[in-house]
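Welcome! Please take a moment to look over the protein shown below, and then we can walk through it together.

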Amino acid sequence: KGEETLVNPCACAGKDKFVHMSCLLHRFLPLKKEMVKRQRTGSTILKTPPPEISLTALENLTPICPACKGVYVGAAAVDVLTRKLEVMIQRKHGRGVANASAELANVFKKQGRYEEALPHYRVSLQIHQDPNEPNHVNEAVDHCNIAFCLKSLGHRYVEEAEVHYKEAIKIRIRDLGPGHLDVATCQHNLAILLQGVHRFEEAIELAEIAAKIRIVKNGEGHVTTKLSTVLVERLKKDILRQEVCGT
């Protein structure tokens with residue numbers, strides 16, 4: 001009773017398979033002070049405080065097991081990155097807060113927890129939009145991630161998702177040029193969004209541009225090129241069906 005639950009966060013086996021969450025967190029981001037109670041005598045000792053993790057080490061910290069090199073999953077990844085974000089906030093490091101927020105949001109997104117991912121992506125975007133923290137590449141990525149989460153939450157968020165996809169396209173065209181593959185990816189994803197709400201004419205225009213870019217950059221046989229060409233064909237059928245049905 002009152003014992004901490006053991007978790008299995010990675011691919012380790014044997015005696016290393018399970019670990020207390022508090023021990024796992026301490027391994028990555030040790031507290032400045034640690035009170036340790038001796039089980040036999042009941043006395044309390046104060047361990048020597050570990051050195052504060054450097055900013056570079058903190059920025060490079062990822063939830064990967066040092067033993068098996070496997071990426072932590074589930075609650076372990078969330079808790080490690082939440083601790084990382086808390087430390088970045090304490091240190092008032094803008095870029096670090098943005099990156100840690102995006103990392104945590106990425107974990108939530110992979111777990112299908114889109115509502116939990118969104119506020120962290122929005123924090124990252126807000127910082128990347130700050131003139132004192134300019135990073136247009138990450139700003140575009142934030143817009144795309146926010147759009148994806150909104151799209152995944154259903155039709156009621158389509159208009160907002162569209163705004164973010166268009167912002168990402170604008171930034172990437174400005175910074176990378178209209179023929180860049182990252183532009184094609186945004187256009188392809190926006191086309192899928194618009195297809196879902198029967199805006200087929202707008203969708204096919206975007207899908208055709210994305211397909212042309214991917215053909216030039218990757219060739220006709222590449223998997224992403226095929227995705228765009230298939231989307232174009234499906235949209236043609238959608239438009240024909242819409243004309244026949246008169247809707």
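What follows is a short tour, from the whole chain down to single residues.

Keep in mind that this is a predicted model. The protein chain contains 10 helices and 4 strands. Reading from the N terminus, you meet them in the order β-β-α-β-β-α-α-α-α-α-α-α-α-α. Of the 247 residues in the protein chain, 37% are buried. The chain exposes about 14700 Å², and carbon and sulfur atoms supply 55% of that area. If you take the contacts between residues at least 6 apart in sequence, 53% of them join residues at least 24 apart.

Now let us stop at helix 8, which covers residues 181-196. Its 16 residues reach 23 Å from the first C-alpha to the last, close to the 22 Å expected at 1.5 Å a residue. Many names appear on its list of buried residues, including Val 183, Cys 186, His 188, Leu 190 and Leu 194. What covers these buried residues? Among the elements that do so are helix 6 (136-152), helix 7 (158-176), helix 9 (200-218) and helix 10 (223-245).

Just beyond, helix 8 is followed by His 198, which sits in the loop between helix 8 and helix 9. His 198 is not a glycine, yet its phi is positive, about 65°. His 198 counts as exposed because its relative accessibility is 54%, and exposed means over 50%.

Lys 92 is another residue to visit, in the loop between helix 3 (74-90) and helix 4 (94-110). Lys 92 is likewise a residue other than glycine with a positive phi, near 55°. With a relative accessibility of 75%, Lys 92 counts as exposed.

Methods. Residues are numbered from 1 along each chain as its sequence is written. This is a predicted model: local features need pLDDT of at least 70, side-chain atom pairs count only at pLDDT 80 or more; totals for chains, interfaces and linings use all residues. Side-chain values use heavy atoms; hydrogens and water are left out. Helices (H or I, at least four residues) and strands (E, at least two) are DSSP runs, numbered from the N terminus. Buried means under 20% relative accessible area, exposed over 50%, partly exposed in between (1.4 Å probe, protein chains only). Contact means heavy atoms within 4.5 Å. Accessible areas come from the Shrake-Rupley method with a 1.4 Å probe; for residues, only the protein chains shown count as cover. The expected span of a helix is 1.5 Å times one less than its number of residues.
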